[in-house]
Amino acid sequence: MTDTQYIRDRLNRPMKDLRISVIDQCNFRCTYCMPAEIFGEDYKFLPFKELLSFDEIVRLVEIFAKFGTEKIRITGGEPLLRKNLDQLIKRLYAIDGIKDIAITTNGVFLTKQAKKLKEAGLDRVNLSLDAIEDDVFKEINGRGVKTKPVLKGIEAAQEAGLQVKINMVVKKGLNDSQILPMARYFKGTDVILRFIEFMDVGNHNGWNMNTVVSKQEIIDRINIEMPLEPAEQNYYGEVATRYRYIDGSGEIGVISSVTDSFCGSCTRIRLSADGKLYTCLFATTGYDIKTPLREHASDHQLILELIKLWSGRTDRYSDERAEGKPLKREKIEMSYIGG
Ligand code: SAM
Ligand code: SF4
Ligand code: SF4
């Protein structure tokens, strides 16, 4: 597929990456994502029959692949809670044109699943770990889980031959004390640590600008102790800005969605677990593709819907935030759409 063959949106951005949320439930209650007060015992998660089946997901991915989608990311909620996920990955891997399958996970269930996921065709894992000290991590994940099961998950993924990156969301006052300990821990290992600026996703995480630790501040803090230099982009649309340790002991990345937004190169489309397509992480409503799927729409009809959706896309929420435009709106939750 040449670059000119992709469908383009109103800002000339090609549709390239598909993120699929396979479940909205999670074993954690990270305070910035699924605060326990909101996502309590009586919270109504999606009933199983509302979730897209593997057959439905595979059919949609076959259509996306025809439009040049090569990269798939599986997410959640916690995607490893979806039963038989390896079987889905095996089927996605077999689709013509799909070249890269990754997963974003909190890692707790990887010790049991890493090997079979790799065998099914999974290439990469982004593992979320927001602190290396147990006390801080226990408070963040809202379930009192220590770092050990996650660190074991990292080991299992590496042993299985999966590429591993670590995602650390940084929220001021919650875990910015962990920036240096995390950098020290992963420096010199094969694992790339990526810091994510805390974002105003969803409606319940108490975000305001004072809770963000900027990319510049993260880099400055690390650079004093472990000198860094900028590294080149790996590919167009890469979300992380890369930095190399000057002493040659690896690299880190920072995803600066707030202080240095990158809407201009956003090529991502997201599919929720209940079959809605979202063209932005900060959207209010999605396009229901499950109904036509379940009403036996032809591939041709589904393709027309997809073209209509993407070619009308104008989303640039983070750029607008940076420009100071008023952005009050009800948004989808991160645990629903998966980041
Ligand atoms: N449960 C899986 C996990 O935690 O990796 C996958 C879903 S989770 C919603 C995907 C990613 O979104 C995680 O790396 C998480 O840290 C990140 N995330 C959640 N809320 C966020 C926020 N408000 N700002 C920035 N990143 C956030
Ligand atoms: Fe669960 Fe991931 Fe959200 Fe944490 S960030 S509550 S692990 S979905
Ligand atoms: Fe893409 Fe929306 Fe994020 Fe901008 S704000 S980078 S359009 S998901």
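**Note on cavity, ligand shells and parallel strands**

1. By class, the lining of the largest cavity holds 6 nonpolar residues, no polar ones and no charged ones. The model is predicted. That lining consists of L60, I63, F64, I289, L302 and L306. Two elements give two or more residues to it: helix 1 (54-66) and helix 9 (299-311). Helix 1 gives the largest share, with 3 residues.

2. How much space lies in the largest cavity? About 30 Å³. The count of cavities of 30 Å³ or more comes to 1. Rolling a probe the size of a water molecule over the atoms shows where empty space is left.

3. Ligand 3 next. Its shell is made up of C263, C266, R268, R270, C280, L281, F282, R313, D315, Y317 and S318. Strand 10 (268-271) supplies at least two of these residues, and so does helix 10 (317-322). By class the shell around ligand 3 has 6 nonpolar, 1 polar and 4 charged residues. The charged residues are R268, R270, R313 and D315.

4. Which residues surround ligand 2? They are C26, F28, C30, C33, M34, G77 and N106. By class this shell has 5 nonpolar and 2 polar residues. The shell around ligand 2 has no charged residues, whereas the shell around ligand 3 has 4.

5. Now strand 2 (residues 71-75). Why is strand 2 largely enclosed by the rest of the structure? Because 4 of its 5 residues are buried, and buried here means under 20% relative accessible area.

6. On one side of the pairing list is strand 1 (residues 17-21). Strand 1 and strand 2 pair in the parallel sense, over 5 bridges. Within this pair, R19 stands opposite R73 of strand 2. The chain goes from strand 1 through helix 1 to strand 2, and this β-α-β crossover is right-handed. Helix 1 also lines the largest cavity, with 3 residues.

7. Strand 2 also pairs with strand 3 (residues 100-105). The two run parallel and are joined by 4 bridges. K71 has D100 in strand 3 as its bridge partner. Helix 2 (residues 85-93) completes a β-α-β unit with strand 2 and strand 3, and this unit is right-handed.

8. To recap: strand 2 is parallel to strand 1 and to strand 3. The crossover through helix 1 is right-handed, and the unit with helix 2 is right-handed. The lining of the largest cavity has 6 nonpolar residues.

Terms used:
Residues are numbered from 1 along each chain as its sequence is written. Chains are lettered from A and ligands numbered from 1 in the order in which they are written. This is a predicted model: local features need pLDDT of at least 70, side-chain atom pairs count only at pLDDT 80 or more; totals for chains, interfaces and linings use all residues. Side-chain values use heavy atoms; hydrogens and water are left out. On a 1 Å grid over the protein atoms alone, a cavity is a set of points where a 1.4 Å probe fits but cannot get out, and a pocket is an open set with protein on both sides within 12 Å along at least five of seven lines; lining residues have an atom within 4 Å of a point. Grid points are joined across faces, edges and corners, and a volume is the space filled by probe spheres set on the points. A residue is near a molecule or strand if one of its heavy atoms lies within 4 Å of it. Buried means under 20% relative accessible area, exposed over 50%, partly exposed in between (1.4 Å probe, protein chains only). Two strands pair if DSSP finds at least two bridges between them. A crossover is right-handed if, with the strands pointing away from the viewer, the path from the first strand over the helix to the second runs clockwise.
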